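Here are some exercises to work through with the structure open beside you. Try each task before you read its solution.

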Amino acid sequence: MVPVSLHHPVFLFSSDIVGVGPSPQTDLYNEPLNTDMSSLLKPFSVCEGPCESGAVRRGFPGSAPHHQPPSQRLVAAGLVSLPGSLTGSLPGRNLAAAAVGGRKLTHPGKSILAGGIAGGIEICITFPTEYVKTQLQLDERANPPRYRGIGDCVKLTVQDHGLRGLYRGLSSLLYGSIPKSAVRFGTFDMLSNPMRDATGRLDNTRSLVCGLGAGITEAIVVVCPMETLKVKMIHDQCSLRPRYRGFFHGISEIIREQGVRGTYQGLTATVLKQGSNQAIRFYVMNLLRNWYKGDDPSRDMHPFITAIFGATAGAASVFGNTPLDVVKTRMQGLEAHRYKSTVDCAFQILKNEGPQAFYKGTVPRLGRVCLDVAIVFVIYEEVVKLLNNVWETQ
């Protein structure tokens, strides 16, 4: 098939058509020829004349000239091949679905709403493990260790502050978790939808790139300021005289003393952590999903299967980037001024505490992240299914 431009006129001369067909006075379809030479020299569109009537005579579906625009009649007749930018604008193409029988694409608006709901529910369930993980990472080896392990950390926290102590700093993370998940899933679907094939299937390598983009976006827009506030509030609780009385009081004090820049400490480490986090998670999740569905992209996944795949993706991200998480936590603590940069922080940890310090808090983080990712993916998928029933998108 030779691509034909729809914007350039085509000239036909009498020598191109005389002698074709049963007689010199008829064309290929036994229709009388126009013997006026001036009309033959007149430029006309490839959407008119013999090309158009030929398509109608051949009986192509929907090729009637009064029912389709010229571009669609030519495509239907197999006479031209349009660029993707033009074919994408043809009627009948929408974002809600791929090819017939393929996996439906998720509208970014649904992704944002479903992601926000999933993130809010998830953080309320898993925050105590996040609290313990952060406490263990802040408990540096250079100082006399306060906690002997996970159980000791939980025990001392409950003794000193009650069960509510395990939820200290929840407000900052809750306010950040909802927009974080919304931005993550919204960005991922905006990036991945154009990359899917005709059946809605996403290539594994492309899922890695889309996950990286989603992680970097959420790190800059939401995660860095919210994580900084969370770490400072948890670290403040460890001091003999806590300064922050709550989320908004903590924000006002930090901004008053350090400016807006004070909420963006450890940005480089956060971008590296979140980017690698989501790249690994979406890659593993997409890999397992494609394996499970095989040649049937429309095959439904039971929530239990989604949870297993999500937990596996979460575990992979923990072992892949816990060192970055440790550096990020140190850079966002109340003693961040001790480090000149993210690289200097990593160097000092290695020098003063050894390489094993980069994996402090791995066990509590592993439990939290596996539960986190499993819950988020299950709730996200179920909310999207619900939204598909009540919200029609194009």
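**Exercise 1. Find the side-chain partner of D152 and say how buried or exposed each of the two is.**

Step 1. D152 and R148 join their side chains in a salt bridge with an N to O distance of 3.5 Å. The term salt bridge stands for a side-chain nitrogen of Lys or Arg within 4 Å of a carboxyl oxygen of Asp or Glu. Side chains of opposite charge can pair when their charged atoms come close.

Step 2. D152 is buried, with a relative accessible area of 13%, while R148 is exposed at 75%. Here buried means under 20% relative accessible area, exposed over 50%, and partly exposed in between (1.4 Å probe, protein chains only).

Before you go on, note that this is a predicted model, in which local features need pLDDT of at least 70 and side-chain atom pairs count only at pLDDT 80 or more, while totals for chains, interfaces and linings use all residues. Residues are numbered from 1 along each chain as its sequence is written, and side-chain values use heavy atoms, with hydrogens and water left out.

**Exercise 2. Which residues are linked with E257 in a network of salt bridges?**

Step 1. Begin with R256, whose side chain meets that of E257 in a salt bridge (3.7 Å, N to O).

Step 2. Check the accessibility: E257 counts as partly exposed at 40%, and R256 as exposed at 60%.

Step 3. Widen the view, and the network takes in R243, E253, R256 and E257. The structure holds eleven salt bridges.

**Exercise 3. Which parts does the salt bridge between R330 and E353 tie together?**

Step 1. The closest N and O atoms of R330 and E353 are 3.0 Å apart.

Step 2. R330 lies in helix α12 (residues 303-332) and E353 in helix α13 (residues 342-353), so the pair ties together parts that are 23 residues apart in sequence. Helices are DSSP runs (H or I, at least four residues), and strands are too (E, at least two), numbered from the N terminus.

Step 3. Both ends of the pair are buried: R330 has 3% relative accessibility and E353 has 6%.

Step 4. For context, the chain has 14 helices and zero strands, and 45% of its 394 residues count as buried.

**Exercise 4. Which helix gives the most to the lining of the largest cavity?**

Step 1. Nine cavities of 30 Å³ or more are present, and the largest holds about 190 Å³ of space. A cavity is a set of points on a 1 Å grid over the protein atoms alone where a 1.4 Å probe fits but cannot get out, and lining residues have an atom within 4 Å of a point. Grid points are joined across faces, edges and corners, and the volume is the space filled by probe spheres set on them.

Step 2. Its lining has 17 residues, of which K180, K273, Q274, R368 and D372 are the closest to the centre.

Step 3. The helices that each supply at least two lining residues are α6 (108-138), α8 (170-192), α9 (204-238), α11 (267-293) and α14 (362-390). With five residues, α11 gives the most.

Technical notes: 1 Å grid on protein atoms, 1.4 Å probe; cavity = no way out; pocket = protein on both sides within 12 Å on 5 of 7 lines; lining within 4 Å.
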